[in-house]
Amino acid sequence: MKGVHRMLRRPLALVTGAAQGIGFAAARKLKEDGFQVLLADINADGVKNAAQQLGQDSTGLACDIGNTDEINSMFDHIDEHFGPLTVLVNNAGIARPNDFLDTSIDDFRAVIDVNLTGTFLTSQRAARMMVEHKIKGAIVNMSSINAVVSIPTIPAYCASKGGVMQLTKATALALAPHGIRVNAVGPGSIDTEMLAGVNANPEAMQMVMSRTPLKRIGSPDEIASVIAFLASDAASYITGETIYVDGGRLGMNYTC
């Protein structure tokens, strides 16, 4: 294992939920910035294909971030075959929208397990690696504007992202003595599969635009650029923060 570690020339980054969308864009951007990237996703075939698209120094790993055993198994594999992480991007997330009165406890728990508990577990395992190897790394979590505002049909999602915002602060305080920075990104409406239903509905899209001062949806690459910034030395004095990338939505107090 130690011999494998010494062979690595690039710093190592793990991005969860990386088979598509923001996660894939983040992995691509980090690779451009000089990282060897590990892409993790519950979609085994999709994440393998995503890694192949990125080429050399990119590896796809199948992992359900809502499953503690799978997270631990993945990190054991990373430790044995790749070495310690320098950067972790906690991007994996699900929503499961439904009317509040009809939302099942199983769906609520599933969202919390992936979005919040999974973020805690991966952060803890990555941080233990960094501390053991004296790496002053960075963790970037995926929050949302729905950590601050809310939508009635995604109560678990809103709760999970509010939790991620607070978990980011607590983890940043805990890891600051080790030189490990922890921040989050809070996207607004981004052109991903999660927004596909809104994109297909002109009335829904008109509503989104009415609440977005820049009058457009964002791209995964725009979120990836902020992730890469927070992972870089350019953000060396930033920790415990959530940067909202939302086209100005949270700044509004009326519809314009």
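**Entry 1: the largest nonpolar core**

I began with the largest nonpolar core of this predicted model, which has 32 residues, and looked up which of them touch the most other members: Leu30, Leu39, Val87, Val185 and Ile227. I then asked which elements give two or more residues to this core, and I noted the strands β1 (12-16), β2 (36-41), β4 (87-90) and β5 (138-142), together with the helices α2 (21-32), α3 (44-54) and α9 (220-231). Of these, α9 gives the most, with seven residues.

I wrote beside this that nonpolar side chains tend to be buried together in soluble globular proteins.

**Entry 2: Ile227 and a second core**

Which residues does Ile227 touch, once those up to four places away in sequence are not counted? I found Ile22, Ala26, Val89, Val140, Met142 and Val185. I also noted a second core, separate from the one above, which has 27 residues and includes Ile65, Ala172, Ile180 and Val182.

**Entry 3: the second largest pocket**

Next I turned to the empty space, keeping in mind that rolling a probe the size of a water molecule over the atoms shows where such space is left. The second largest pocket holds about 170 Å³ of space, and I listed the residues that line this pocket: Phe35, Thr86, Val87, Lys136, Gly137, Ala138, Gly179, Arg181, Ala231, Ser232, Asp233 and Ser236. Sorted by kind, the lining comes to four nonpolar, five polar and three charged residues. I marked Val87 in my notes, since this residue is in the lining of the pocket and is also one of the residues that touch the most other members of the largest nonpolar core.

**Entry 4: Glu132**

Is Glu132 buried or exposed? I found that Glu132 is exposed, because its relative accessible area is 59%, and exposed means over 50%. This residue is found in helix α5, which covers residues 105-132. I also looked up Glu132 together with Pro84, and although the two are 48 residues apart in sequence, their C-alpha atoms are 8.8 Å apart in space.

**Entry 5: the whole protein**

Last, I stepped back to the protein as a whole, and I counted nine helices and seven strands in its secondary structure. The C-alpha trace spans about 60 × 35 × 35 Å along its principal axes. A compact globule with 256 residues would have a radius of gyration near 18 Å, and the protein has 18 Å, so the two agree. Of the 256 residues, 48% count as buried. Among contacts between residues at least 6 apart in sequence, I noted that 69% join residues at least 24 apart.

Key
Residues numbered from 1 in each chain as written. Predicted model: local features only at pLDDT ≥ 70, side-chain atom pairs only at ≥ 80, totals over all residues. Heavy atoms only, no water. 1 Å grid on protein atoms, 1.4 Å probe; cavity = no way out; pocket = protein on both sides within 12 Å on 5 of 7 lines; lining within 4 Å. Points joined across faces, edges and corners; volume = space filled by probe spheres on them. Nonpolar A, V, L, I, M, F, W, Y, C, P; charged D, E, K, R; others polar. Core = buried A, V, L, I, M, F, W, Y, C linked by side-chain atoms within 4.5 Å. Buried < 20%, exposed > 50% of the residue type's maximum accessible area, 1.4 Å probe, protein only. Helix = DSSP H or I, 4+ residues; strand = E, 2+ residues; numbered from the N terminus. Contact = heavy atoms within 4.5 Å. Rg over C-alpha atoms; globule rule 2.2 N^0.38 Å.
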